[in-house]
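Welcome! Take a moment to look over the sequence and the 3D view, and then we will walk through a few places together.

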Amino acid sequence: MNLHEYQARDILRRHGIPVPPGEVADTPDQARAIAQRLGGRVVVKAQVHAGGRGKAGGVKLAKDPAEAGEHAARILGLTIKGLAVRRVLVAPAAEIATESYVGIIVDRASQRPVLMVSPAGGIDIEEVAAKTPAMIHRLAVDPRYGLLAHQALGLALKLYRDMPLARAAADIMRRLYSAFYAVGASLMEINPLVTTSDGAVAALDAKIVIDDNELDRHPDIAALRDPGAEAPSEVQAREAGLTFIKLDGWVGCCVNGAGLAMATMDLVKYYGGEPANFLDIGGSSNPQKVVDALRIITGDPSVRSILFNIFGGITRCDDVANGIVQATQQFRLTVPLVIRLTGTNEALAIQILTQAGFSALTDMDEAVKQAVAKARSA
Ligand code: GDP
Ligand code: MN
């Protein structure tokens with residue numbers, strides 16, 4: 001789950017990391033009033049679950065409240081990476097001397113939280129990582145001991161030669177590390193971590209991604225979810241109890257089981273297709289789940305064919321077949337459907353589908369090939 005910047009800032013602030021104050025507005029008038037209260041120059045920032053807001057025109061400095069209102073009006077009309085901006089954060093503008101990057105991610109390769117820092121922070125950090133990877137310093141933290149003081153200071157000295165600044169940055173890194181565990185994050189980033197002309201260090205932007213599997217343990221964090229800021233298809237899927245991830249391709253996939261869903265996506269790519277989504281209808285398939293799944297997949301305009309790949313174990317193929325038939329009674333399918341199912345109650349499922357005018361396959365390769373071919377000719 002993604003958090004907004006203003007929510008991430010609150011979390012960092014609660015963990016003692018210096019973050020400038022700020023308030024959220026959803027109208028230009030509110031933004032103007034906040035700027036008035038804060039006094040002086042402010043920065044107006046789009047609150048969307050996307051990075052690169054600065055480059056997309058979603059971060060603007062304003063010299064007075066009137067200009068803050070104008071910037072808010074413009075930013076509230078933006079769509080950044082497909083997400084409509086509904087709110088802005090208004091914060092006092094910082095006088096930036098330097099911009100660094102500090103982040104923690106869960107790293108699969110080392111199976112540890114990895115702290116990454118770079119003195120070349122700011123809006124071009126992706127380019128730094130690609131072109132001058134030596135500018136990024138990494139440390140895999142042993143979770144048994146946590147981030148030790150000397151380790152943090154060692155990394156902080158890669159950012160600042162000045163000892164008081166390095167000590168301040170080291171303190172921020174240790175607080176970031178404990179915040180990371182405290183909320184169940186899979187990623188936490190401060191970019192930029194700035195030094196200001198008066199010699200202070202502060203977090204000007206914060207990004208936090210929460211591991212969905214941690215949400216049950218952190219109801220206060222789960223309550224921060226903003227469904228209005230998420231892709232509508234992902235919200236629908238969560239409410240229907242489906243595991244769904246929207247992708248960029250054009251073959252809709254409806255599969256039972258995460259492993260089979262991954263294998264299906266691999267095979268779609270192997271035969272020259274691009275999966276439009278990951279979708280796991282789960283183990284016990286009641287027909288309604290299939291109806292919901294089809295509704296979500298058909299709602300995606302880039303889908304050109306839909307592939308069902310069902311291996312019936314606990315999932316009964318006849319439940320899935322009934323779901324497909326019910327779905328077509330409720331709404332019209334405008335793209336070709338390729339159905340592969342095998343396993344529990346396979347014969348009954350094929351009978352149900354045949355009676356409703358569908359054909360079904362039992363071979364996975366054959367089904368994937370057909371789904372890709374039908375998408376191409378659609
Ligand atoms: P992002 O582009 O989505 O990562 O948004 P950021 O919040 O990181 O802002 C992008 C850039 O805008 C930063 O790297 C800064 O250079 C600049 N910026 C953000 N806040 C301020 C501020 O308070 N003062 C100044 N001078 N620049 C800022
Ligand atoms: Mn940033």
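## The surroundings of ligand 1

Of the 17 residues around ligand 1, the nearest are K45, R53, G54, A94 and E99. Please keep in mind as you explore that this is a predicted model. By character, the residues of this shell divide into nine nonpolar, four polar and four charged.

Several polar atoms of the protein sit beside oxygen atoms of ligand 1. An N or O atom in the side chain of R53 is 2.7 Å from one oxygen atom of the ligand. For E99, a polar side-chain atom lies 2.7 Å from an oxygen atom of ligand 1. N191 takes part through its backbone, where a polar atom is 3.1 Å from an oxygen atom of the ligand. How much of ligand 1 does the protein cover? On its own the ligand has 570 Å² of accessible area, and the protein covers 85% of that. The elements giving two or more residues to the shell are β2 (42-46), β3 (59-62), β7 (96-107) and β10.

## The manganese ion

Which residues are the protein donors of the manganese ion, ligand 2? They are N191, through O, and D205, through OD, lying 2.2 Å from the ion. N191 belongs to strand β10 (residues 185-196), while D205 is in the loop between β11 (201-203) and β12 (206-210), so the two donors tie together parts that are 14 residues apart in sequence.

N191 is also buried, with a relative accessible area of 13%. You have now met N191 in two roles: a backbone atom of N191 lies 3.1 Å from an oxygen atom of ligand 1, and N191 is a donor of the manganese ion.

## E5 and its partners

Helix α1 (residues 5-14) contains E5. Is E5 buried or exposed? E5 has a relative accessible area of 4%, and because buried means under 20%, E5 counts as buried.

The side chain of E5 makes two polar contacts to look for. One is with the side chain of K45, at 2.7 Å, and the other is with the side chain of R53, at 2.8 Å. Both partners are already familiar, since K45 and R53 are among the residues that come nearest to ligand 1. Leaving aside neighbours within four places in sequence, E5 is in contact with K45, Q47, R53, L89, L204, D205 and A206. That list includes D205, a donor of the manganese ion.

## S100 in strand β7

S100 is found in strand β7, one of the elements that give two or more residues to the shell around ligand 1. S100 is buried, with a relative accessible area of 1%. Its side chain makes a polar contact of 3.4 Å with the side chain of Y160. Not counting residues up to four places away in sequence, S100 touches a list of residues that includes S118, P119, L159, Y160, I190 and N191.

## Helices α6 and α8

A170 has its place in helix α6 (residues 163-183) and counts as buried, at 8% relative accessibility. Beyond its neighbours within four places in sequence, A170 is in contact with A152, L153 and A156. To get a sense of distance, find E214: the C-alpha atoms of A170 and E214 are separated by 27 Å, and the two residues are 44 residues apart along the chain.

In helix α8 (residues 232-239), the residues S233, V235 and A237 are buried. What do the buried residues of α8 pack against? Their partners are β13 (243-246) and α10 (287-298). Just after α8 comes G241, which takes a positive phi of about 75°.

Definitions and conventions
Residues are numbered from 1 along each chain as its sequence is written. Chains are lettered from A and ligands numbered from 1 in the order in which they are written. This is a predicted model: local features need pLDDT of at least 70, side-chain atom pairs count only at pLDDT 80 or more; totals for chains, interfaces and linings use all residues. Side-chain values use heavy atoms; hydrogens and water are left out. Donors are N, O and S atoms within 2.8 Å of the metal (3.2 Å for Na, K and Ca); water is not among the atoms, so sites may look incomplete. Helices (H or I, at least four residues) and strands (E, at least two) are DSSP runs, numbered from the N terminus. Buried means under 20% relative accessible area, exposed over 50%, partly exposed in between (1.4 Å probe, protein chains only). A polar contact is a pair of N or O atoms within 3.5 Å; within protein, one must be able to donate a hydrogen and the other to accept it, and residues adjacent in sequence count only if both atoms are side-chain atoms. Contact means heavy atoms within 4.5 Å. A residue is near a molecule or strand if one of its heavy atoms lies within 4 Å of it. Accessible areas come from the Shrake-Rupley method with a 1.4 Å probe; for residues, only the protein chains shown count as cover. Ala, Val, Leu, Ile, Met, Phe, Trp, Tyr, Cys and Pro count as nonpolar, Asp, Glu, Lys and Arg as charged, and the others, Gly among them, as polar.
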